[in-house]
Amino acid sequence: MGFPREIQCDNGTSFTSQLTTEFFERFGIKVTHSSVHHPQSNPVERFHRTLKRLLKVLCLQSGEDWEKNLPATLLALRTVTHESTGFSPAELVHGKNLRTPEVLLYEHCINPQESESSVTEYVFELINKMRRCQDLAVERMTEVQVKRKAWYDKNAVRRKFQVGDQVLLVLATSKPNKMAVQWTGPGVLENCESFAVPYLDDIAIYSNNWEDHLKHVNEVLKRIGDANLTIKPSKCKFAQNRTKYLGHVVGSGVRTPAEAKIKAVLDFPTPTSKTQIRAFLWISWVLRALC
């Protein structure tokens, strides 16, 4: 307990702010940031997926007040024996499992007699037990990972989609909340690569002439409407000779870094710490990729 030696977190502003960064540096905490748009790099996200899956089921049974079911769901996840480790999360953290209603009923039935021991003996027994549990958990996880990978690779199929195939559409930008349905469809997969470049919720449409451009814009808007998605007109730009897109200024066969990016390098203060040097090298690397 106390101050951790290392923390893994995402790239949220609450973890990358100047105040948080200075706090980590002062207390000697090493920070590892997860890759952008790659939640697999953060093990906590896997727990969140399981948690949300349970909450979805409970919300279907008891309504949309998912926060009322959160304490019971967390208790269940912390006390259940993990298939990979062979121990419950509470047992690995505290050295013993939590007292659930089932445990209370079991103790009431058998009425065990607690052995008397000194504080020193109890502490050493607890430390040794936690070490044994952790060692066994690591060995168990390694074995299970190998078995699961072999089983997954045995039935894994590389999916390739062709124009005209029916696919499901993920509602990443239109679902009202995390407990809502994430997919819609099926829909027919059509090719727009010849005139549209999507990136997350940004779409760049380009054409060789004005007549084709009107057709391409109309086709993209039609498909957005067919997918029951919406766009915000104030964030859209039409009929642009050049425009900013993902840090570029693109158009008329030209691609250059945005002026704001160049100005950020020119006005970057002289680095005085490792963190500032990393930030400068990162900006330089990004601009080099844009050139």
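Reader: What makes phenylalanine 3 count as exposed or buried here?

Author: In this predicted model, phenylalanine 3 has a relative accessibility of 52%, and because exposed means over 50%, phenylalanine 3 counts as exposed.

Reader: Why are phenylalanine 23 and phenylalanine 27 called partly exposed?

Author: Phenylalanine 23 has a relative accessible area of 36%, and phenylalanine 27 stands at 41% relative accessibility. Buried would require under 20% and exposed over 50%, so phenylalanine 23 and phenylalanine 27 each count as partly exposed.

Reader: How many aromatic pairs does a search of the whole structure find, and why is the pair of phenylalanine 3 and phenylalanine 23 called tilted?

Author: The search finds four aromatic pairs. In the pair of phenylalanine 3 and phenylalanine 23, the ring centres lie 6.3 Å apart with the planes at 55°; the centres must lie within 6.5 Å, and planes neither under 30 degrees nor over 60 count as tilted, so this pair is tilted. Phenylalanine 3 belongs to the segment before β1 and phenylalanine 23 to helix α2, so the pair ties together parts 20 residues apart in sequence.

Reader: What makes the pair of phenylalanine 3 and phenylalanine 27 stacked?

Author: Their ring centres are 4.4 Å apart and their planes stand at 20°, and since planes under 30 degrees apart count as stacked, the pair is stacked. With phenylalanine 27 in the loop between α2 and β2, this pair ties the segment before β1 to a part 24 residues away in sequence.

Reader: Which residues do the ring pairs link into a cluster?

Author: The cluster consists of Phe3, Phe23, Phe24 and Phe27, linked by ring pairs.

Methods. Residues numbered from 1 in each chain as written. Predicted model: local features only at pLDDT ≥ 70, side-chain atom pairs only at ≥ 80, totals over all residues. Heavy atoms only, no water. Phe/Tyr/Trp six-rings, centres within 6.5 Å; stacked < 30°, edge-to-face > 60°. Helix = DSSP H or I, 4+ residues; strand = E, 2+ residues; numbered from the N terminus. Buried < 20%, exposed > 50% of the residue type's maximum accessible area, 1.4 Å probe, protein only.
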